[in-house]
Amino acid sequence: MIRTGAQYLESIRDGREVYINGERVKDVPSHPMFKPLVDIRARIYDMQWDAKTRDVMTFTQDGEVNGIGNKLPITQQDWWDKRRATDCVLQDVGGVVTRVGDEAVGEMWSLFDGQDVLNEVDPRFSENIRNHIDKVLHTDPFHVSANTDPKGDRSKPPQEQDPDMLLHVVKETDAGIVVRGAKFETAAAYANQAFTKPTIANWGDSAYSDYAVGFICDLGSPGIKFICRTGFAGQKPIEDYPVSNRFDEVDALVIFDDVLIPWENVLFYRHTRAAMFIRATLHRYSAFAFVQRNLMFADMLIGAALFNVRQTGLDRQQAVQEKLSQLAVYREGINAHLTAAVTLAERSPGGLLMPNQSLLYAGRVLACSQLHEMMHIARELCGGQICVTPDAAAFAHPDTKPWLDKFYTVNEDWVADDRRKLLAFARDILNSDHAGHRLTFQLFAQSPPFAHLAAVYRNFDWDGPLELVKKSAGLSDRVLGTATRTAGDSAISRWFDPSMNRAAAE
């Protein structure tokens, strides 16, 4: 059943060992650097109960109300519902939050698709993933993903360097496996559980490795320590940094100091094939929610830039309109990839409906690789005042307020107070420490840029262009070898194939 915000807050008051700014945190929900995001996560839970939003946020199955974000995607409507629920959350909180659970739970669905691989390792693991997907649906935990290791020497296999540099199993017991090492994870310090799995590792020719392990970890388990980066919230006045103080999702180095993982929580162990499978398919579903956040951020860039040029009449200039159009093209490019990925969705090996993989991954590359350029265009349109405007205290001080009111008021529609707020908002999404952090986060949060492109390479239909050129150039059939070929765009061909089982797809 769905939880309330109060139940979530109580669930993370479990004595966990959290450090930030060199001090141990006494109470995570009330700490000023965690509280803004903790409150947002609590609000998301409460939105599932709120009469105004519960129909968007939940669905009913077998008489039980569950969160729409945790629902296994079987139909196209499931994806439209998930997209609508995410939009509802982001509109309600008035900004972008990424690690709130709906994007991370999708990674477990990839293992649902890989049950044949898990069965080769141990049939228990296939059963475990089904049980945990069901458990997430019915207990509604705040679920995150622990993926990135401390890097170490990546030219060497894990066992040829400090053995604890990468997370690994140190022993087996009747109760489960004992793991040691560390992971970086956003929001882990205030989440309930994490899907923990290996990062991109140099397995060599090894079929087995103690480093090839994936499991569900209760983040309140004994032996776990969270060493967090300093949060942006509370460092500077919220009037001057309205985004940093509300939407900073604090990252942590999660230390596993001989942590017991019960066997029922182990999803794969030792088989490098299973580890490689999950790495190759990890974002099959979760990339959709991730890319959707980029769409909202694009709207924030457009809104900040457009308000800034309209207040001074610059929006009438063709050069300004061209730059605004570039922002709009970026935004609509993301929107088109998301929409097409659902419209041309594909049936997964496990029988789920996954967004069209080539379109989804191409959309992720577009959203992430072009973000820095879009931020620069927005910065140009906002102008230099975002870096020279005095702070809110100066606008309120009796000695300086009259002067700032004079020089920051444009007309009766744009008075000094609104201009200051807009410039502060633009500065925070474009020029602040938090803005730089977010830009890097977008590049690496779902794997590095080269891995984004590798996913496109693995999922793009290369046969269509080859067939076209073969025919146009008059080449023989020999040049194509024995590849299975589909003329044109394979996604569209499959979708409009009369023999396709439309009922199953819809």
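Here is a short dialogue on confidence, strand pairing and the largest pocket.

Student: What makes the model trustworthy or doubtful by pLDDT?
Tutor: The model is predicted; local features need pLDDT of at least 70, side-chain atom pairs count only at pLDDT 80 or more, and totals for chains, interfaces and linings use all residues. Residues are numbered from 1 along each chain as its sequence is written, and side-chain values use heavy atoms, with hydrogens and water left out. pLDDT is the predictor's confidence in each residue, from 0 to 100. The mean is 91, and 94% of residues reach 70 or more. Residues 498-506 have pLDDT below 50. Beyond near neighbours in sequence, that stretch has 14 contacts in the model (heavy atoms within 4.5 Å).

Student: Why are β7 and β11 called paired?
Tutor: Strands are DSSP runs of E, at least two residues, numbered from the N terminus; helices are runs of H or I, at least four. Two strands pair if DSSP finds at least two bridges between them. β7 (residues 176-186) and β11 (residues 251-262) have 10, so they pair. They run antiparallel.

Student: Which residues stand opposite Val254 in β11?
Tutor: Lys183 does, and so does Phe226. β10 (residues 224-228) is joined to β11 by 5 bridges, also antiparallel.

Student: How many residues line the largest pocket?
Tutor: The lining has 30 residues; Thr148, Phe184, Phe441, Phe444 and Ala445 lie nearest the centre. α18 (433-444) gives the most, with 4 residues. β7 and β11 each supply at least two.

How values were computed. On a 1 Å grid over the protein atoms alone, a cavity is a set of points where a 1.4 Å probe fits but cannot get out, and a pocket is an open set with protein on both sides within 12 Å along at least five of seven lines; lining residues have an atom within 4 Å of a point.
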